[in-house]
Amino acid sequence: MTSARRRSYGVKGAPYAFLLPATILFALFFALPIGYAVWLSLHKVQVKGLGLGSGARQEVWAGVENYTDALTDSELLDGALRVLGYGAIVVPVMLGLALVFALMLDSDKMKLAPFTRLAIFLPYAVPGVVAALLWGFLYLPDVSPFYFVLERLGLPQPDLLDGGGLYAALSNIAIWGGTGFNMIVIYTSLQAIPAEVHEAAKLDGATPLQIALRIKIPMVAPSLVLTFFFSIIATLQVFSEPTTLKPLTNSVSTTWSPLMKVYRDAFGEGDIYSAAAGAVIIAVATLVLSFGFLRAANSRNKRDDSQGAVR
C-alpha cells in the first residue's frame, strides 16, 4: 500500500476516530441502561412453594404483563394527573416570567443589567434538593419567619403543605429555580437581534412596548419553543421537590408523581421489573409529547413562512 493511499485512509477514518469516545460513552451510559430496563420490563420473578431454597425464585418471561399492570394501576394514573396539574402551573408562569425578565434586561433603560442577570440566574445554580429543603422549612408554620410575621399582623396563615396549597408550594420551588435558566436562553436570542431592526422600528415611531410585542417576541420564538420543550420534559420527570418535602407533610405520598412510584416499586418493594415497565412508559410518554410538540411547532413555522412568502 502506497503512502498516499495510507494518508487517504487516515483522513477518511479521522472523523470516526474522534466520534469513537463519545459513541462508547453513549453506549455504556445511555443505550445499554435503556436496553436493560426494557429487558427487565419484559420479565418477572416466579416464586415456587414458599420461595425458599435454590431455584425457588426464577426469572421468567412476562411479555407485556408488567406494562398492562402499570397502565391499569390507579396510583400511576393518579400521579400522572397530579403532574399535569403541577405542570399547568409551572410551565406558563416560569416561561412568562423568563420572557418578561429577558425583555427587561434587553431594554436600553435597564440599569445594573449584569448584576440583575446574575441575581435572576443564581437560583438555578442551587441544587434542586437543597432548594426544596430550604423552601420546605420556610413553609413550616413552626419555623418559618413568614408565618411569624403573618401572626404578628393578625393575617391568615395558609398551610402550603396541605391540600391545594401543596401545588402552589411545589410550583414555587420549580419556578424559583428554573426561571433564570430560561431567561438566559431567551435573553441570548434577544441579544442576537440586529441593532438595525430596533433602529428601523424606532424611526417608524414604534414604542418600546410595540417593539417588544411585534418584533422581539416573534424573533425569539425558536428560543421560546426550546425552553417550552425543556420545561415539559422537566415537569414530567418531577421527583426531587415532592420527595424532599415528603418528610415535612403527610400530603405527599410515596406515589405523588410517576417517578416517585417507580422509585417506590424498585427500592421500597423490591419489584424492579414493574418499576422498569413504569420507567419505560414514562420515557415513551415524554418522547411522544416532546416530539409531538416539536412537530406541531415546526409545522406552524413552515405555515407562517409560506404565508409570509405569499404576501
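These exercises walk through a few features of the structure, each with a worked solution.

Before starting, note that this is a predicted model, where local features need pLDDT of at least 70, side-chain atom pairs count only at pLDDT 80 or more, and totals for chains, interfaces and linings use all residues. Residues are numbered from 1 along each chain as its sequence is written, and side-chain values use heavy atoms, with hydrogens and water left out.

**Exercise 1. Find the buried residues of helix H12 and what follows the helix.**

Step 1. Locate the helix: H12 covers residues 258-268. Helices here are DSSP runs of H or I with at least four residues, strands are runs of E with at least two, and both are numbered from the N terminus.

Step 2. Apply the burial scale: buried means under 20% relative accessible area, exposed means over 50%, and partly exposed lies in between (1.4 Å probe, protein chains only).

Step 3. Read off the result: Pro-258, Met-260, Lys-261, Val-262, Arg-264, Asp-265 and Ala-266 are the buried residues of H12.

Step 4. Look just past the helix, where Gly-270 has a positive phi of about 70°.

**Exercise 2. Describe how helix H3 packs against H12.**

Step 1. Start with the geometry: H3 (residues 74-106) and H12 have axes 8 Å apart and pack at an angle of about 145°. The axes are lines fitted to C-alpha atoms, for helices over the stretch in contact, and angles run from 0 to 180 degrees between N-to-C directions.

Step 2. List the partners: from H3 come Glu-75, Leu-76, Gly-79, Ala-80 and Val-83, and from H12 come Pro-258, Lys-261 and Arg-264. Contact means heavy atoms within 4.5 Å.

Step 3. Sort them by character: four of the contact residues are nonpolar, one is polar and three are charged. In this sorting, Ala, Val, Leu, Ile, Met, Phe, Trp, Tyr, Cys and Pro count as nonpolar, Asp, Glu, Lys and Arg as charged, and the others, Gly among them, as polar.

**Exercise 3. Which residues does Arg-264 touch, and which salt bridges does Arg-264 form?**

Step 1. Place the residue: Arg-264 sits in helix H12 and counts as buried because its relative accessibility is 18%.

Step 2. Leave out residues up to four places away in sequence; Arg-264 then touches Glu-75, Thr-254, Thr-255 and Glu-269.

Step 3. Check for salt bridges, each being a side-chain nitrogen of Lys or Arg within 4 Å of a carboxyl oxygen of Asp or Glu. Arg-264 meets Glu-75 in one, at 2.9 Å from N to O. This pair links distant parts of the chain, with Glu-75 in H3 and Arg-264 in H12, 189 residues apart. Glu-75 is partly exposed because its relative accessible area is 32%.

Step 4. Add the other partner: Arg-264 also forms a salt bridge with Asp-265, whose closest N and O atoms are 3.1 Å apart. Both of these residues, Arg-264 and Asp-265, are buried.

Step 5. Widen the view: a network of salt bridges links Asp-73, Glu-75, Lys-261, Arg-264, Asp-265 and Glu-269.

**Exercise 4. How many salt bridges does the structure hold, and how far apart are the closest N and O atoms of Glu-65 and Lys-44?**

Step 1. Give the total: the structure holds seven salt bridges.

Step 2. Turn to the pair: the closest N and O atoms of Glu-65 and Lys-44 are 2.9 Å apart. Glu-65 belongs to helix H2 (residues 65-71) and Lys-44 to strand S1 (residues 43-47), so named by their DSSP runs, and the two residues are 21 residues apart.

Step 3. Compare with the burial scale: Glu-65 counts as partly exposed because its relative accessibility is 35%, and Lys-44 counts as partly exposed because its value is 27%.

**Exercise 5. Is Ser-257 buried or exposed, and which residues is Ser-257 in contact with?**

Step 1. Place the residue: Ser-257 lies in the loop between helix H11 (240-245) and H12.

Step 2. Use the accessibility: at 1%, Ser-257 counts as buried.

Step 3. Set aside neighbours within four places in sequence; Ser-257 is then in contact with Gly-79, Val-83 and Val-238.
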